[in-house]
Amino acid sequence: AASKLEISMPAVVEVEFGGTARIECNFYIPENASYTYIDWFYVDRSNRQVRLYHVTASGVLEDDTDYKGRLSLEENKALSLSLVTLQDARTFVCQVGAGSYGVGENSTELSVYSDSEVPEVRRGCTQGSGRLPARPNPCSRLSLPPQIARCVSRNSFPPPNITWHKNGEQLHPRENQVTMPSTLTRESSGLYTVSSTLYAPVTREDRLSRYHCTVHYWLRGQRRALESQRVKVNIFYPTERLKLQVVSSSALVKEGDNVTLVCEADGNPPPVFSFFKKNLNEWQDVSSLAEPDSGVLNLPDVNKSSSGMYRCQSLDLDDMTQKEEDVDLVVNYIEGVRVKMNPSSTLREGDTVTLSCDAHSPVALNYQWRDGKGRKVADGNQLVLSNLTFETSKTFSCRVMAPSVPGLEQSKQVSVPVEGKPRIVAISSPLYVRQDEVINLTCKAIAFPPPIVQWSINGTAHEYMDNQHIASNLTVRVSHDLLQAGAMCRVSNKLGVSEKHIQLVDQKSTAESQGVIIVAIIVAILVVAVLGAVIYFLHKKGKIPCGRAGKQDITKPEARKDKIVVEVKSDKLSEEAGLLQGANGEKRAAADQVGQSDGQRP
């Protein structure tokens with residue numbers, strides 16, 4: 001065990017700016033004796049100790065100092081200082097009095113730091129407004145070391161230092177080449193702001209380079225670093241190469257497409273662009289079609305005349321140098337689509353006609369034929385139509401396509417009129433009517449040229465056309481004369497006439513005729529029933545033997561048996577009545593004779 005008073009304190013206590021510092025004072029007194037007093041001091045700039053606290057067994061006395069209000073004494077007599085400032089970076093002393101063991105003291109150095117903020121970096125060279133950029137120093141041309149960027153780090157303590165990096169590699173100063181002047185500013189808070197500016201030569205290739213700065217500082221005995229964001233420097237350089245290309249929605253340009261000519265230059269800032277089109281041996285200025293202040297020329301809805309040589313011309317306003325680039329625009333097209341008809345004279349029903357299609361294009365063409373309803377009927381540039389009728393499609397279209405240029409096609413329609421005299425295709429005959437009834441008579445015909453429909457009777461007529469068909473509806477009242485004579489529909493054009501008769505049938509007479517027919521059918525059924533009963537009666541009496549021989553006699557009668565004749569006719573009531581009479585009278589006797597003759601057979 002120690003034989004004297006001992007006091008232990010940390011040599012250094014580090015605290016962040018604005019934080020709270022805690023300084024401990026640990027002491028040992030032999031034989032567990034008690035302290036007489038504990039005093040806390042700080043050392044001012046004159047190296048003089050200024051008391052902060054006096055602690056005895058009877059109480060704690062705080063001296064009136066600048067620290068009053070920020071100081072406190074903990075239970076174990078440790079000193080606590082809040083809201084630490086940079087001025088608090090000084091030495092603090094703890095003194096302990098132990099009676100007969102004397103007086104002892106020790107000290108701690110309070111170190112205040114401020115963590116650096118992330119450094120800000122700003123590009124030095126920027127493009128000015130207008131076509132001609134602002135290029136005063138330090139934003140010079142490539143020949144002079146321009147200002148690349150400026151880096152600023154704020155609120156640091158102690159002061160940090162700044163390094164520069166290009167594409168991740170640290171840059172070092174070189175005389176008349178790379179310089180990095182720095183400035184250090186102490187703020188009112190006591191913290192430091194450090195700035196550094198990088199000047200370095202650049203080339204065209206540096207347009208893709210990235211620059212950043214790094215702030216280095218010490219914190220709690222360790223070296224720390226913070227990096228800024230990476231920036232791209234705006235470097236000015238003249239145009240060396242010009243590129244002009246055709247931009248279209250399809251690989252091969254066709255008539256009707258929207259085409260854009262894009263001119264690109266590798267200079268910065270971009271030069272002024274102009275566009276020209278070659279007509280014969282002269283260049284025509286078409287810059288009015290270009291977008292303002294850009295290298296884009298718009299050509300909407302191009303056609304055959306849009307084809308040709310186009311030129312883009314660039315002008316660098318800094319050194320007034322010009323460059324040119326040409327491109328050939330080819331617009332694929334189809335023109336002159338025509339259809340010939342052979343023979344070209346008037347066509348009649350039954351004729352044959354040949355349709356021929358032709359067109360002009362710089363690329364190979366395919367041909368296809370479609371009818372008036374859009375249905376495909378044939379491939380090839382010829383279409384042969386045989387045995388023409390009115391029902392043959394009145395129009396055909398030739399579709400011309402360029403298989404090598406998707407979407408390029410044209411169509412031409414041709415009319416194929418077939419002439420002939422009218423043909424009545426539908427008529428309302430026979431028509432069952434009643435006298436004094438109002439009815440509609442219908443007559444439908446097909447013809448070309450369009451025919452005229454006439455009726456043999458008076459009435460109210462309504463006509464309508466359906467393609468080459470004409471239909472006429474005649475509204476009339478049924479008279480006795482109309483019922484007897486009927487009506488005639490007459491359809492005519494310059495090539496002929498067709499007529500058809502409409503028969504009118506009285507529904508009352510029809511009903512009477514139907515009654516007669518029903519009566520005849522009933523009588524016939526009764527005759528058959530009576531004959532069946534007679535045959536059955538003779539069979540029971542044994543007059544008609546069964547077996548094969550009997551069947552042969554009936555099915556194959558001899559000459560004398562031909563007198564038995566059964567004839568049923570339903571068309572004349574007089575004959576039906578006679579047949580019934582014969583069956584009940586005379587013919588019954590004949591049947592009995594047949595039975596007797598059969599009975600006398602061995």
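A residue counts as buried when its relative accessible area is under 20%, as exposed when that area is over 50%, and as partly exposed in between. Keep those cut-offs in mind, and keep in mind too that this is a predicted model. With that settled, take Ile521: its relative accessibility is 45%, so Ile521 counts as partly exposed. You'll find Ile521 in helix α2, which covers residues 507–540. Ile521 also has company, as Ile517, Ile521 and Ile525 together make a nonpolar surface patch of about 290 Å².

Let's zoom out before going further. The chain has 602 residues, and 38% of them are buried. Its secondary structure comes to five helices and 44 strands, so expect to spend your time on strands in what follows. The exposed surface of the chain is about 34,900 Å², with carbon and sulfur atoms supplying 49% of that. As for contacts, take those with a separation of 6 or more: 60% of them link residues that are 24 or more positions apart.

Now to the strands, starting with β22, which runs over residues 259–265. Is β22 largely enclosed or largely open? Five of its seven residues are buried, so the rest of the structure largely encloses this strand. Two of its pairings are worth tracing. Strand β21 (residues 242–247) pairs with β22 in the antiparallel sense, over six bridges. Within that pairing, Leu244 has Cys263 of β22 as its bridge partner. Strand β25 (residues 296–299) also pairs with β22 in the antiparallel sense, here over four bridges. In this second pairing, Leu261 is matched with Leu297 of β25. If you're following side chains along the strands, remember that in a regular strand they alternate between the two faces of the sheet.

Staying around β25 for a moment, look at the loop between β24 (282–285) and β25, where Asp293 sits. What is unusual to look for in a torsion plot here is the sign of phi: for Asp293 phi is near 50°, a positive value in a residue other than glycine. Asp293 has 68% relative accessibility, so it counts as exposed. Leu83 makes a good companion case. Its phi is also near 50°, again positive in a residue other than glycine. Leu83 lies in the loop between β9 (79–81) and β10 (91–97), and with a relative accessible area of 55% it is exposed.

Next comes an open sheet of four strands. Their order is β12-β13-β17-β16, and the pairing is antiparallel. Why do β12 (120–123) and β16 (182–186) count as the edges? Each of them has a single partner strand, so one side of each is left without a neighbour in the sheet. Ignoring direction, neighbouring strands in this sheet are turned by 15° against each other on average. At the β16 end, five bridges join β16 to strand β17 (residues 192–199), and the two run antiparallel. One place to check that pairing is Ser182, which stands opposite Ser196 in β17.

Further along the chain there's an open sheet of three strands, ordered β39-β42-β43 and paired antiparallel. Here β39 and β43 (496–502) are the edge strands; each has a single partner, so one side of each lacks a neighbour in the sheet. The average turn between neighbouring strands of this sheet is 20°, with direction ignored. Strand β42 (residues 487–493) is joined to β43 by seven bridges, and these two run antiparallel. Among the matched residues is Ser492, whose bridge partner in β43 is Val497.

Finally, a couple of peptide bonds deserve a look. Which bond into Pro449 is cis? It is the one from Phe448, with omega near 5°. Pro449 belongs to the loop between β38 (438–448) and β39 (452–455), and β39 is an edge strand of the three-stranded sheet just described. A cis peptide bond also joins Ser429 and Pro430, with omega of about -10°. Pro430 is found in the loop between β36 (418–427) and β37 (431–433).

Notes. Residues are numbered from 1 along each chain as its sequence is written. This is a predicted model: local features need pLDDT of at least 70, side-chain atom pairs count only at pLDDT 80 or more; totals for chains, interfaces and linings use all residues. Side-chain values use heavy atoms; hydrogens and water are left out. Patches are made of residues with over 30% relative accessible area and no salt bridge: like charges are joined within 9 Å, nonpolar side chains (Val, Leu, Ile, Met, Phe, Trp, Tyr) within 5 Å. Accessible areas come from the Shrake-Rupley method with a 1.4 Å probe; for residues, only the protein chains shown count as cover. A salt bridge is a side-chain nitrogen of Lys or Arg within 4 Å of a carboxyl oxygen of Asp or Glu. Buried means under 20% relative accessible area, exposed over 50%, partly exposed in between (1.4 Å probe, protein chains only). Two strands pair if DSSP finds at least two bridges between them. Contact means heavy atoms within 4.5 Å. Axes are lines fitted to C-alpha atoms, for helices over the stretch in contact, and angles run from 0 to 180 degrees between N-to-C directions.
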